[in-house]
Amino acid sequence: AGALEQAPLETLFLDHCSVSKAGAKHVGRLLAANTTLTHLNLDENNLAAEGAEVVGKALLNNGRLTCIDLAGNEIRGRGGGVLAKVVANNHAMRRLGLRSNDLGDEGCLMLSQALRNNTGLEVLDLSHNAIGEAGAKAIADILAATNANSLRSLDVSHNLFTGDADAVFAEAFTYNSTISTLNLSSCKLDDDGAYAFADMLEVNTTLTSVDLT
């Protein structure tokens with residue numbers, strides 16, 4: 001890790017490398033020392049909540065990274081809490097990939113709150129995270145409440161939008177005018193949700209790509 005700390009790296013891919021909590025500590029030191037890195041990919045490792053906490057704390061002090069990919073690390077709600085702090089405080093970040101981390105409603109609620117304070121994030125992937133009705137409604141509240149939010153692309157596909165979450169989500173986009181790309185595929189939309197989205201698309205003038213399959 002010492003050599004990497006001083007190398008003029010801009011992009012570092014460590015995906016599918018079996019990085020665990022122990023390895024995350026080395027990544028944390030790298031993030032603290034390297035002054036040129038802008039893209040870090042840690043997809044499909046073994047970080048779990050403990051490793052995510054280590055990386056997350058390092059990211060709190062790193063104002064240079066613009067793209068962070070952490071898909072498939074079983075971060076869960078606990079790790080999501082640390083990453084929520086990153087989202088709230090790191091305004092350099094433009095893309096955050098959290099696909100397949102079992103964040104659940106717990107992690108989603110914390111991330112949604114963090115989005116209130118973020119003015120830089122443009123692309124957010126929360127697909128395959130077992131997000132249910134409570135988490136979906138929390139995201140919808142943020143999307144409807146503020147257009148100061150910088151999000152342009154949101155992927156919440158393959159989650160569990162039960163109850164009236166899909167209709168609430170659709171209603172949020174009658175107010176939101178920043179997001180242009182939305183992926184809600186495989187979220188189990190029912191007939192009422194489909195009607196709600198049809199009505200929303202009649203008034204929303206920002207969305208250019210919507211996946212409801």
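**Exercise 1. State whether E74 is buried, partly exposed or exposed, and follow its salt bridge along the chain.**

Solution.
Step 1. E74 has a relative accessible area of 39%, so it is partly exposed. The cut-offs behind this are under 20% for buried and over 50% for exposed. The model is a predicted one.

Step 2. The partner of E74 is R76, and the closest N and O atoms of this salt bridge are 3.0 Å apart. R76 has a relative accessible area of 43% and is therefore partly exposed.

Step 3. R76 also meets D102 in a salt bridge, at 2.4 Å from N to O. This pair links distant parts of the chain: R76 belongs to helix α4 (residues 76-89), while D102 lies in the loop between β4 (95-97) and α5 (104-115), 26 residues apart.

Step 4. D102, with a relative accessible area of 30%, is partly exposed.

**Exercise 2. Find how many salt bridges the structure holds, and explain the spacing of E133 and K137 in helix α6.**

Solution.
Step 1. The structure holds eight salt bridges. One of them joins the side chains of E133 and K137, at 3.0 Å from N to O.

Step 2. Both residues are in helix α6 (residues 133-145); because they are four residues apart, about one helical turn separates them.

Step 3. The relative accessibility of E133 is 27%, so E133 counts as partly exposed. K137 has a value of 25% and therefore counts as partly exposed too.

Step 4. Salt bridges also link E50, E53 and R78 in a network.

**Exercise 3. Determine how many aromatic pairs a search of the whole structure finds, and which residues form the aromatic cluster.**

Solution.
Step 1. The search yields two aromatic pairs. In one, F161 and F169 lie 5.4 Å apart centre to centre, with 50 degrees between the planes, and the pair is tilted.

Step 2. The other pair, F169 and F173, is tilted as well, at 5.9 Å centre to centre and 40 degrees between the planes. Planes under 30 degrees apart would count as stacked and those over 60 as edge-to-face.

Step 3. F169 takes part in the pair with F161 and in the pair with F173. F161, F169 and F173 form one aromatic cluster.

Step 4. F161 has 3% relative accessibility, so it counts as buried. F169, at 0%, therefore counts as buried, and F173 is buried too.

**Exercise 4. Give the order of the eight strands in the open sheet, and say which strands stand at the edges.**

Solution.
Step 1. The order is β1-β2-β3-β4-β5-β6-β7-β8, and the pairing is parallel.

Step 2. The edges are taken by β1 (11-13) and β8 (209-211); each has a single partner strand, so one side of each lacks a neighbour in the sheet.

Step 3. From one strand to the next, the twist averages 0 degrees.

Step 4. As a detail of the pairing, β2 (residues 39-41) and β3 (residues 67-69) run in the parallel sense over three bridges. In this region H39 stands opposite C67 in β3.

**Exercise 5. Name the residues of the nonpolar surface patch and place L201 in its helix.**

Solution.
Step 1. The patch consists of L201, V210 and L212, which together have about 200 Å² of accessible area.

Step 2. L201 is located in helix α8 (residues 191-201).

Step 3. With a relative accessible area of 42%, L201 is partly exposed. Patch members need over 30%, and L201 has 42%.

Definitions and conventions:
Residues numbered from 1 in each chain as written. Predicted model: local features only at pLDDT ≥ 70, side-chain atom pairs only at ≥ 80, totals over all residues. Heavy atoms only, no water. Phe/Tyr/Trp six-rings, centres within 6.5 Å; stacked < 30°, edge-to-face > 60°. Buried < 20%, exposed > 50% of the residue type's maximum accessible area, 1.4 Å probe, protein only. Patch = residues over 30% accessible without salt bridge, like charges linked within 9 Å, V, L, I, M, F, W, Y side chains within 5 Å. Areas by Shrake-Rupley, 256 points an atom, 1.4 Å probe, with all protein chains shown as cover. Salt bridge = Lys/Arg side-chain N within 4 Å of Asp/Glu carboxyl O. Helix = DSSP H or I, 4+ residues; strand = E, 2+ residues; numbered from the N terminus. Pairing = 2+ DSSP bridges. Axes fitted to C-alpha atoms, helices over the stretch in contact; angles between N-to-C directions.
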